[in-house]
Amino acid sequence: MATVELVMPKMGESIMEATILKWHKHPGDTVKMDETVLDIATDKVDTEVPSTAAGIVAEVLFQVNDVVPVGAVIARINTVGSHHLEQQNWNPGNLNNGPGEKKEEVVNYQQVRSATPAAAIHQEGNQKQPVFPIASQQEQNNHNNRFYSPLVLNIASQEGISLSELEKIKGTGNDGRVSKKDILEYMQRKNAGGLSGGDGKIHQAEVHTPSMESPVRQVTDQQLTTRHAQLTPSNENVEIIEMDRMRKLIADHMVRSKHTSPHVTSFTEADVTNMVMWRERSKKDFEKREGTKITFTPLFIEAIVRCIKKFPLINSSVEGNNILLKKDINIGMATALPGGNLIVPVIRNADQLNLVGLSKKVNFLADQARNNKLRPDDISDGTFTVTNVGTFGSLMGTPIINQPQVAILAVGAIKKRPVVVETPHGDSIAIRHMMYLSMSYDHRIIDGSLGATFLTAVANELENFNAQRES
């Protein structure tokens, strides 16, 4: 008998933690290999965590609604042979080693890699350090190796708490981690005029002079409720709708992206008549032969991949003062869920797939997303994202970068328009299928010249689509 540790899986480069929604298995329950043990949620997806071994659940280490960091052990499973599971009625009380028995071998079958969000981590040497906008560089260099959640960092930033001050707060979370409760209690004591140090004595609180740019506020649940009530019009017919959990997480993810990357958006248009006519002519035979539909999305991805190979800096991320060039080209495609939220499943190694392979992968992931069946691997490790705002009728958009990527491309609706067509025999006006493209990129490393050149290259790929290619 051995003990297998079930850990919180890695859900993507920008995901450092997940919330436990529901336990399907409890201590004493029998579990099979790959059987669902619990449901978890991040700002990108709700998903199931399967068992990595067959056996008996020995213990669960977290409760529903707990926020758990990636790589943390969340449950332990005592493994036994499958024939034992079938032939014996196991009593969880007898799972411990008896006198004279060998000690259990603890085996971790899941390789744990810590995700490094570009929005919150600065790497220097072997230490991973939070990027804290209000802290000086000297403070960042001198801080110890503690992890702070984006929520704690956001509260500290709003309240004018320096990084060195944050390090002095005693954390009650796992491994001394500072929780939301810890920092709010710290603010209450601080605003009251005194702080209780580790020696139990009351120390004079640091005084920060309020300013118009950074007012000192005491953020407590009661005050937030009071403030909300004050902001709610009392003389208007208004319905108050609280954000659901997914919308709150998406909102936080979007705000952090804007705070992390200085966004610049470039625009261009493309004449996609050849592509439209080819698809219209080939789609029936393609579906009959390949068993899947051919949409515009794989055609867009095909063109994007060709251009990424020409401009590899687009396929990168930023970590502190380092640029990480990604050798794999993993294209994320923003997909609308039935409830109205968006998710970004990832086509791994898109450069190694032909048009048939891209079409099958796009359709499979879209179907999995609509049926809430995406796995953690389906949404992780994306290096570039494309979003089709034209699906909803928009001509163009200014998309927000999907961290820690450095660029996202939006394709608008394809519309017939009269345009000037240049020919060797002179200019003429013709009805063409036109489409706007826009790309937002991280101006820390992508200059306007590179961003515009890449976007133009994608447009040229679409315009020069081979209308005679085989379907």
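Select Thr47 to begin: with a relative accessibility of 6%, this residue counts as buried, where buried means under 20% relative accessible area, exposed over 50% and partly exposed in between, for a 1.4 Å probe and protein chains only. Thr47 belongs to strand E5, residues 46-50; helices (H or I, at least four residues) and strands (E, at least two) are DSSP runs numbered from the N terminus. Add Leu21 to the selection, which is 26 residues from Thr47 in sequence and 9.5 Å away in space, C-alpha to C-alpha.

Before moving on, note that this is a predicted model, in which local features need pLDDT of at least 70 and side-chain atom pairs count only at pLDDT 80 or more, while totals for chains, interfaces and linings use all residues. Residues are numbered from 1 along each chain as its sequence is written, and side-chain values use heavy atoms, with hydrogens and water left out.

Now zoom out to the whole protein, which has eleven helices and 24 strands, and in which buried residues make up 43% of the 471 residues. Of the contacts (heavy atoms within 4.5 Å) between residues at least 6 apart in sequence, 63% join residues at least 24 apart.

Next, select strand E1, residues 2-7, where six of the six residues are buried. Ala2, Val4 and Leu6 point one way from E1, whereas Thr3, Glu5 and Val7 point the other way. Show strand E8, residues 73-79, as well: E1 and E8 pair in the antiparallel sense over six bridges, pairing being assigned if DSSP finds at least two bridges between two strands. Within E8, Ala75 is the bridge partner of Leu6.

Go on to Thr260 in helix H7, residues 245-260, a buried residue with a relative accessible area of 15%. The side chain of Thr260 reaches the backbone oxygen of Arg256 at 2.6 Å, a polar contact in the sense of a pair of N or O atoms within 3.5 Å, where within protein one must be able to donate a hydrogen and the other to accept it, and residues adjacent in sequence count only if both atoms are side-chain atoms. Gln403 is 143 residues from Thr260 in sequence, yet the two are 8.5 Å apart in space, C-alpha to C-alpha.

Then centre the view on Ser316, found in strand E15, residues 316-319, and buried at a relative accessible area of 1%. The Ser316 side chain reaches the backbone oxygen of Leu313 at 2.6 Å. Not counting residues up to four places away in sequence, Ser316 touches several residues, including Ile323, Leu325, Pro404, Val406 and Ile445.

The last stops concern rings. Four aromatic pairs are found in a search of the whole structure, with rings of Phe, Tyr and Trp (its six-membered ring) paired if their centres lie within 6.5 Å, and planes under 30 degrees apart counted as stacked, over 60 as edge-to-face and the rest as tilted. Select Phe296 and Phe300, a stacked pair at 6.2 Å centre to centre with 20° between the planes; both lie in helix H9, residues 296-310, four residues apart, about one turn of the helix. Phe300 is buried, with a relative accessible area of 5%. Arg279 lies over the face of Phe296, at 4.7 Å from the ring centre; a charge sits over a ring if NZ of Lys or CZ of Arg is within 6 Å of the ring centre and within 35 degrees of the ring normal. Similarly, the charged end of Arg469 sits over the ring of Trp278, 5.5 Å from its centre. Finish with Phe311, Phe384 and Phe454, which ring pairs link into a cluster.
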